[in-house]
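Work through the exercises below with the sequence and the model in view. Each task is followed by a solution in steps.

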Amino acid sequence: MPERTLLPTRTIYGYVRVSTAGQNPERQVHSIHEYVREHYGEEVYKSLTLGGSDFVTVDKISGTTAATDRDGLASILDRIQPHDVLIT
């Protein structure tokens, strides 16, 4: 049974950053997917992945790069609304 609820008009964003193109972000992406399944339930998870889309954004950029210069994070920050959820 999910322990968290998501308002019907809200969404969940996932964000992962790795430092180099040689690093594989898949483990972090998988962890976010599993967290959503466990804490929000399969129905919410399925709604986030309809049509094969992914709600997790990956940046391959140094951690010393300003958040405003991280294209993936900046994209999320441009769209996120009050009561949306950001999982990193």
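Helices (H or I, at least four residues) and strands (E, at least two) are DSSP runs, numbered from the N terminus. This is a predicted model, in which local features need pLDDT of at least 70, side-chain atom pairs count only at pLDDT 80 or more, and totals for chains, interfaces and linings use all residues. Residues are numbered from 1 along each chain as its sequence is written, and side-chain values use heavy atoms, with hydrogens and water left out.

**Exercise 1.** List the elements of the chain in order.

Solution. The chain has three helices and three strands. Read from the N terminus, they follow the pattern β-α-α-β-α-β.

**Exercise 2.** Work out the order of the strands in the sheet.

Solution. Strands pair if DSSP finds at least two bridges between them. By this test, three strands form an open sheet with parallel pairing, in the order β2-β1-β3. The edge strands, each paired on one side only, are β2 (56–60) and β3 (85–87). Strand β1 (residues 12–18) joins β3 through three bridges in the parallel sense. G14 has I87 of β3 as its bridge partner.

**Exercise 3.** Find what helix α1 and helix α3 touch in the sheet.

Solution. Contact means heavy atoms within 4.5 Å. Angles run from 0 to 180 degrees between N-to-C directions, with axes fitted to C-alpha atoms, for helices over the stretch in contact. Helix α1 (residues 26–40) packs on the sheet and touches β1, β2 and β3, at about 155 degrees to the direction of β1. Helix α3 (residues 71–79) also touches β1, β2 and β3, and its direction makes about 160 degrees with that of β1.
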